[in-house]
Amino acid sequence: MRHLTPALVRLGGILLGAALSFAPAGAVARAAETHRVTIERFAYEPAALWIRPGDTVEFVNRDLAPHTATDGEGRWDTGRLGHRASARIRFDAAGTYDYVCTFHPNMRARIRVVPQ
Amino acid sequence: MLNALKTTVAAAAIVVSAVGCATAEQAKLNDLEIAHTAYTAGNLDIRYAHMALAVSENPAVLDFARTMIRDHTAVNEAAVALIGKLKVTPQDNPLSQALVKGAADKRAAFGKLAGRAFDCAYATNELAYHQVVNQTVVGTFIPQTTVPELKHLLEDALVTFKAHERHAEVMVKGLKCGT
């Protein structure tokens, strides 16, 4: 069986390091997506959404009553969305974002931003 | 153009009694009268809410009242937009008049109350009001409306009114008015 020489180990380390260093470049190449959350019948649909960093979520209100999509920790807020109004929020940081309608606090949903 | 189809609204008696009016005969409503009554019911709830904002100091009651003003205003704005699009004028009718009279009597009674007594009176009335209005919209207004746009508006509005009914249930439970 052939043993790896210290030189090969070093070369392997360099190649492995190079490969790893290029991995994030591959992630950057992925096109950001836009997802839609529909607000209808006093509920967010989907109630749970998984997206990638850099993606955008479009909130569309189909109810007659105005609604908001407001982050529970105050990091983002669509503001008031009247009938058929929409707003877009871009999510750059990974994490879990629980949000509510400030007008109707029983309306709750979650967005999870997961790294690739 | 709205049709003038006459409909029997047996539920009118229930609606009227829920808002405190003493008399209610069976009413025959056409589309224009249904539109008028639905709009009137929303406006009356807004007036109750303004009274609650002026009198109550309970956060749950204040929050509910603000929601009623915001949501019923939005629904009525949609109704006004539809009326403008259809180029028609809603017709006042005995049921609308009875609703207005009943609500005036209720507000007069509420005006003599303060604190917890007011909160409980307002909350329980809101629950009863939405229960009966929703039953009427489901059982009478929607099935008997002949104009598709008006029917669709009533269906959309019902979603909001049902959410209000659930909200009112939570408010009444939270106030523990029966204890």
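Is Phe91(A) buried or exposed, and what is its relative accessible area? In this predicted model, Phe91(A) comes out as buried, at a relative accessible area of 2%. That puts the ring under the 20% cut-off for burial. Its partner is worth a look too: Phe91(A) and Tyr97(A) make an edge-to-face aromatic pair, with 5.1 Å from centre to centre and 65 degrees between the planes. Tyr97(A) is likewise buried, with a relative accessible area of 7%.

This pair is part of a wider picture. Searching the whole structure turns up eleven aromatic pairs over all chains. In chain A, Phe91(A) and Tyr97(A) belong to one aromatic cluster, along with Tyr44(A), Phe59(A), Trp76(A) and Tyr99(A).

Chain B has an edge-to-face pair as well, made by Tyr48(B) and Tyr129(B), with the centres 6.0 Å apart and the planes at 85 degrees. Here the sequence separation is the thing to notice: Tyr48(B) sits in helix H2 (residues 31-55) of chain B and Tyr129(B) in helix H5 (residues 115-144) of chain B, so the pair ties together parts that are 81 residues apart in sequence. Both Tyr48(B) and Tyr129(B) are buried.

Rings also meet charge in this model. Over the ring of Phe103(A) sits the charged end of Arg70(B), 3.8 Å from the ring centre. The contact thus pairs a residue of chain B with a residue of chain A.

Now for the backbone. Most peptide bonds are trans, and most residues other than glycine have a negative phi. Against that background, a few spots stand out. Glu45(A) and Pro46(A) are joined by a cis peptide bond, with omega at about 5 degrees. Pro46(A) has its place in the loop between strand S2 (44-45) and strand S3 (48-51) of chain A.

Phe42(A), a residue other than glycine, has a positive phi, near 60 degrees. Phe42(A) is found in the loop between strand S1 (34-39) and S2 of chain A. As for its surroundings, Phe42(A) counts as buried because its relative accessibility is 9%, and the cut-off for that label is 20%.

Lys87(B) also shows a positive phi without being glycine, in this case near 55 degrees. The residue lies in the loop between helix H3 (59-86) and helix H4 (94-110) of chain B. In terms of exposure, Lys87(B) has a relative accessible area of 71% and is therefore exposed. So the two positive-phi loop residues carry opposite labels: Phe42(A) is buried, whereas Lys87(B) is exposed.

Key: Residues are numbered from 1 along each chain as its sequence is written. Chains are lettered from A and ligands numbered from 1 in the order in which they are written. This is a predicted model: local features need pLDDT of at least 70, side-chain atom pairs count only at pLDDT 80 or more; totals for chains, interfaces and linings use all residues. Side-chain values use heavy atoms; hydrogens and water are left out. Rings of Phe, Tyr and Trp (its six-membered ring) pair if their centres lie within 6.5 Å; planes under 30 degrees apart count as stacked, over 60 as edge-to-face and the rest as tilted. Buried means under 20% relative accessible area, exposed over 50%, partly exposed in between (1.4 Å probe, protein chains only). Helices (H or I, at least four residues) and strands (E, at least two) are DSSP runs, numbered from the N terminus. A charge sits over a ring if NZ of Lys or CZ of Arg is within 6 Å of the ring centre and within 35 degrees of the ring normal.
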